[in-house]
Amino acid sequence: MKLLVIGSGGREHALAWRLAKTTGLQKVYVAPGNAGTARESRLENIHLTDPHALADFATEQKIHLTVVGPEAPLAAGIVNVFRARGLKIFGPTSEAAQLESSKDFAKRFMFRHNIPTARFATFSDRDAALAYVDRQGAPIVVKADGLAAGKGVVVATSLAEAHDAIHQMLPPECAAKGNDDPPAQVVIEEFLEGEEASFIVMVDGTNVLPLASSQDHKRISDGDTGPNTGGMGAYSPAPVVTPEVHARVMREIILPTVRGMAADGMPYTGFLYAGLMVGRNGSVKTIEFNCRLGDPETQPIMMRLKSDLLPLLEHAVAGRLNLVEATWDRRVALGVVLAAANYPGKPRTGDLISGLPPSTEDSHVFHAGTAERDGRIVTSGGRVLCVTTLSDNVKRAQRRAYELIAGIHFDGMQYRRDIGHRAVSR
C-alpha cells in the first residue's frame, strides 16, 4: 500500500511520519517534501506540485489515499481534480475551502448561520476602511481577505498601526487592477479578549471526529509580543479547552459549521481548524477557520496520537467517521519552532544547519523550511524546524525541547523561549 502527502512543511513531515508507522505500508510519498522527509525511513519525496501531474502520479502508482497538507492547493481545487479522476483524497473542495481562502466569505457564513464570532466589516476602498477604523477606535484587528500563510493579520493597538496595516493591504495600485481580477479586500474586526486555542476536527461531510486540543503561539517574540507569524510553537493538550469548553465549541461552532456548509451546497470534508477565543466566563468565539491542520499544532498532536492515522482517514473518506475514535497519549507534547533570520519578513535562506539530534520515542525534529545542498541540510524558508517532545507535564516537555535546541545551530536562528507559558502559569 502506498500513500501520498501533499506539501513541504512541518505539518506534512509530521503527517507523513505518523502515516509511515502504519502496519503493512509500503511507502509514503511526499510532494514535494523537504530535507527531513527525504531522510525518513519509508518516506520518499517527489518533486511535483501541479494538481493534474499529482493526479497522474497517484493513478500510475496506485496510491491508496492522498492527504493534503497546505491551504493553497486546497483553494486551487486539488480535491476537485482528484475526485473527478475517482481518486481517494482527504480535504475540502475549493468551494468549501473558501472558509479559509476568503475571510469575508467565512465571516458572512458565520453570521448567516449564527456561529459566534467578532463583529466585522469588509472594504475594498482604502479611504472607507480608514474612516471605519477611525470611528471604531483601537485596539482593532485588520485582516487581508485572501490566503496569507498565517501572517495576513494585524492586531492593531493604535489607530496609526491600523492605518499602516490598511495601507499595506490595500495599496493604491489595487484600484488599477484589470476587470478580470477581484479587488483586494480587508476585513476589519472588533478586538476580542480572552485566551486563544486551536480546535481541530476531522469531517466527512456529516460526521465529526475531534482531535486533541492544542494552543499555538503566533507572535514572534517572548511574552506574545511582536508581529504575527505562521506560528512559533504549540503544545497539546490546551488546559483552556476544558470539557465544558470542548462541549460548547462542538455545540455552538463545529456542528453548526458542518451543517451550514451542507445546507449551502458545499459539504465539508477534511480537517477543519477553528481558531478560538475563550473568554474568562467560558464563552467561545471563532477568530478564524482554516481548512487544514494547523502548523505547528500538527507536530505535537501527531506526537500524542496513539491510534493509527490511516484508518481514521479511510473512515473519513468513506463517510463513516461516526464508527471510529482516536486514542491519545496522556502526556503533554510541545513543539518549539526554529525560524530563519529576518522571519516573519523575507527570510534568509541557504544557512547550514548543524547539530540535529537523533529521534527518540519521546522527541522528534520535524523539518519545514529545509533543503539538501551537497549532502548537507540548509535553511530554505521562514520556519525551519520544529523541535517536538513528549513528557509528563508542560515544564518537563519544555525543558527537554530547549535542551535539544541548545545543540542545534544555523546562522540567524531565532526562537521563542517561553512556548507553553500559559499552561505553566495556570
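1. In this predicted model, Arg 119 and Glu 190 form a salt bridge through their side chains, with an N to O distance of 3.4 Å. Arg 119 sits in the loop between α7 (103-112) and β6 (120-123), and Glu 190 belongs to strand β9 (residues 186-190), so the pair ties together parts that are 71 residues apart in sequence. Arg 119 has a relative accessible area of 51% and is therefore exposed, the cut-off being over 50%.

2. A second pair is Arg 416 with Asp 224, whose closest N and O atoms are 3.0 Å apart in a salt bridge. Distant parts of the chain are linked here: Arg 416 is in the loop between α13 (394-405) and α14 (421-425), Asp 224 is in the loop between β13 (219-221) and β14 (225-228), and the two are 192 residues apart. Arg 416 counts as buried because its relative accessibility is 0%. Asp 224, with a relative accessible area of 26%, is partly exposed.

3. Arg 396 and Asp 392 also meet through their side chains in a salt bridge, at 3.1 Å from N to O. Arg 396 is partly exposed, its relative accessible area being 42%. Asp 392 is exposed, at 51%. Elsewhere, Asp 224, Arg 416, Asp 418 and Arg 422 are joined into one network by salt bridges that share partners. The structure holds 21 salt bridges.

4. On charge placement, the protein carries 47 positive and 47 negative charges, and the mean positions of these two sets are 4 Å apart.

5. His 409 lies in the loop between α13 and α14, the loop that also holds Arg 416. With a relative accessible area of 43%, His 409 is partly exposed. Leaving aside residues up to four places away in sequence, His 409 touches Leu 352, Ile 353 and Ser 354. For Ile 353, the C-alpha to C-alpha distance to His 409 is 5.8 Å, while the separation in sequence is 56 residues.

6. Helix α12 covers residues 309-317, and its buried residues are Leu 309, Leu 310, Leu 312, Leu 313, His 315 and Ala 316. Gly 319 follows α12 and has a positive phi, near 75 degrees.

7. Turning to the fold as a whole, the protein has 14 helices and 22 strands. Of the contacts between residues at least 6 apart in sequence, 68% join residues at least 24 apart. The salt bridge between Arg 416 and Asp 224, at 192 residues apart, is one specific link between distant parts of the chain.

8. For overall dimensions, the radius of gyration is 21 Å; a compact globule of 426 residues would have a value near 22 Å, so the protein agrees with that expectation. The C-alpha trace spans about 60 × 50 × 45 Å along the principal axes.

9. As for burial and surface, 57% of the 426 residues are buried. The protein exposes about 17,600 Å², and 47% of this area is supplied by carbon and sulfur atoms.

Notes. Residues are numbered from 1 along each chain as its sequence is written. This is a predicted model: local features need pLDDT of at least 70, side-chain atom pairs count only at pLDDT 80 or more; totals for chains, interfaces and linings use all residues. Side-chain values use heavy atoms; hydrogens and water are left out. Helices (H or I, at least four residues) and strands (E, at least two) are DSSP runs, numbered from the N terminus. The radius of gyration is taken over C-alpha atoms; the globule rule is 2.2 Å times the number of residues to the power 0.38. Buried means under 20% relative accessible area, exposed over 50%, partly exposed in between (1.4 Å probe, protein chains only). Contact means heavy atoms within 4.5 Å. Accessible areas come from the Shrake-Rupley method with a 1.4 Å probe; for residues, only the protein chains shown count as cover. Lys and Arg count as positive and Asp and Glu as negative; His and the chain ends are not counted. The place of a charge is taken as NZ of Lys, CZ of Arg, CG of Asp or CD of Glu. A salt bridge is a side-chain nitrogen of Lys or Arg within 4 Å of a carboxyl oxygen of Asp or Glu.
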